[in-house]
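Subject: A structure for you to look through

Dear colleague,

I am handing over a structure that I would like you to read alongside the notes in this email. Please open it first and keep it in view while you go through them.

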Amino acid sequence: MRFSELLCQLSEVTDASPRHLAEDPELNGAAALDQAQADQLTFLEPGNALAAALAGSSAGAILLPARGDEAAALQQLALERGLAWIALADPRLAFAEALAALHPRRQPAAGIHPSAVVDPSAVVGMGSHLGPLVVIGANVQIGASCVLHPQVVLYEDVQIGDDCELHAGAVLHPGSRLGRGCVVHSNAVVGSEGFGFVPTANGWRKMPQTGQVVLEEGVEVGCGSTIDRPSVGETRIGAGTKIDNLVHIGHGVSTGKGCALAAQVGIAGGARLGNGVILAGQVGLANKAVMGDRAIASSKSGVHGEVAAGEVVSGYPAISNRLWLRSSAVFNKLPELVKALRQLEKQAKP
């Protein structure tokens with residue numbers, strides 16, 4: 001695909017976007033700035049530490065930032081290097097769109113593989129693909145243009161909307177509901193029984209988990225992640241939320257729209273997340289913890305109470321990120337401080 005043709009598929013490109021087509025290279029793929037070859041596209045964000053690599057880049061074309069103190073200098077350097085380029089407000093977004101254009105998704109042919117087992121009461125929407133060894137339970141409803149890869153299992157009474165994709169080995173337990181355009185990656189489990197037990201004199205009595213899990217439109221669940229159903233009611237994941245690999249979401253949790261949960265996050269039962277919440281890797285939320293809209297917890301934070309909207313927290317137990325940074329700086333000096341304190345105590349003794 002020619003660079004000029006690719007630009008027509010990028011949402012930010014307008015007639016006013018500064019650009020230089022050079023020889024309008026043919027692009028067959030994309031790569032990082034320091035690895036890209038003459039037939040590949042790359043990009044550079046404002047303030048990126050790789051900016052120095054532009055001087056030696058062999059890329060065929062580059063998406064540059066339109067804003068920032070260095071924008072004009074980067075454009076001039078690209079000109080001197082003979083690279084094709086365009087300056088945009090969000091080069092990363094444009095790069096994502098370019099990747100989709102350069103590597104279009106292959107839609108499997110509609111139909112049901114002979115080895116799939118589909119209950120007679122199930123309904124499969126028009127244009128959907130069911131791969132080898134897929135198992136579909138009773139009263140399941142599958143929307144139009146869905147793709148179920150090999151060995152996907154849908155228990156009874158599962159409903160998935162149009163344009164969903166379930167990768168190999170994904171399992172949806174009874175009562176699970178997926179909105180339009182959801183993606184569940186390999187070996188993820190949606191609707192598994194919540195961890196509910198009642199202590200008795202004779203040991204633990206299992207609490208039946210009769211609720212359901214609801215994934216709203218556009219939710220993506222990473223490989224090996226689990227989302228539990230509650231004893232009653234529902235676990236609900238808000239529209240557009242993105243869940244990384246190996247994340248556990250307990251029974252009765254609710255998230256707002258557009259949240260992002262990084263790998264190995266663990267959320268205990270009944271926790272509530274507002275809209276746009278970000279949980280970095282290995283964050284843990286205690287039972288019934290609350291994160292306000294757009295709140296952020298940095299890696300390995302442990303949240304036990306309530307985090308206000310827009311607040312950034314760190315550490316265990318989680319505190320304000322600014323306070324945590326100051327505390328971390330002091331932590332490394334504790335041995336010296338203790339030594340100094342002991343010397344002062346000796347001096348103070350009569």
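The notes below go through the sheet, a hairpin, an aromatic pair, a loop serine and a surface patch.

Please keep in mind from the start that this is a predicted model.

I began with the sheet, in which twelve strands are arranged in the order S6-S9-S12-S15-S18-S23-S26-S28-S31-S34-S37-S38, and this sheet is open, with mixed pairing. Strand S6 (111–112) and strand S38 (319–320) stand at its edges, and because each has a single partner strand, one side of each is left without a neighbour in the sheet. As a general point, strands of a sheet pair through backbone hydrogen bonds, and they do this either parallel or antiparallel. Within this sheet, strand S28 (residues 260–261) pairs with strand S31 (residues 278–279) in the parallel sense, over two bridges, and Leu 261 stands opposite Leu 279 in S31.

An antiparallel case is given by strand S20 (residues 197–200) and strand S21 (residues 203–206), which are joined by four bridges. These two strands, S20 and S21, form a hairpin with two residues between them, and Pro 199 has Trp 204 in S21 as its bridge partner.

The structure holds two aromatic pairs. In one of them, the ring centres of Phe 195 and Phe 197 lie 5.2 Å apart and the ring planes meet at 70°, so the pair counts as edge-to-face, for which the planes must be over 60 degrees apart. Phe 195 counts as exposed, because its relative accessibility is 68%, whereas Phe 197, with a relative accessible area of 34%, is partly exposed.

Is Ser 176 buried or exposed? Ser 176 lies in the loop between strand S16 (171–172) and strand S17 (177–178), and it counts as buried because its relative accessibility is 0%. The side chain of Ser 176 also reaches the backbone oxygen of His 173, at 2.8 Å.

Finally, there is a nonpolar patch on the surface, of about 380 Å², which is made by Val 330, Phe 331, Leu 334 and Leu 337. Helix H4 (321–331) and helix H5 (334–348) are the elements that give two or more residues to this patch. Leu 337, whose place is in helix H5, has a relative accessible area of 47% and is therefore partly exposed.

With best wishes

Conventions: Residues numbered from 1 in each chain as written. Predicted model: local features only at pLDDT ≥ 70, side-chain atom pairs only at ≥ 80, totals over all residues. Heavy atoms only, no water. Patch = residues over 30% accessible without salt bridge, like charges linked within 9 Å, V, L, I, M, F, W, Y side chains within 5 Å. Areas by Shrake-Rupley, 256 points an atom, 1.4 Å probe, with all protein chains shown as cover. Salt bridge = Lys/Arg side-chain N within 4 Å of Asp/Glu carboxyl O. Buried < 20%, exposed > 50% of the residue type's maximum accessible area, 1.4 Å probe, protein only. Phe/Tyr/Trp six-rings, centres within 6.5 Å; stacked < 30°, edge-to-face > 60°. Pairing = 2+ DSSP bridges. Polar contact = N/O pair within 3.5 Å; in protein donor to acceptor, adjacent residues only side chain to side chain.
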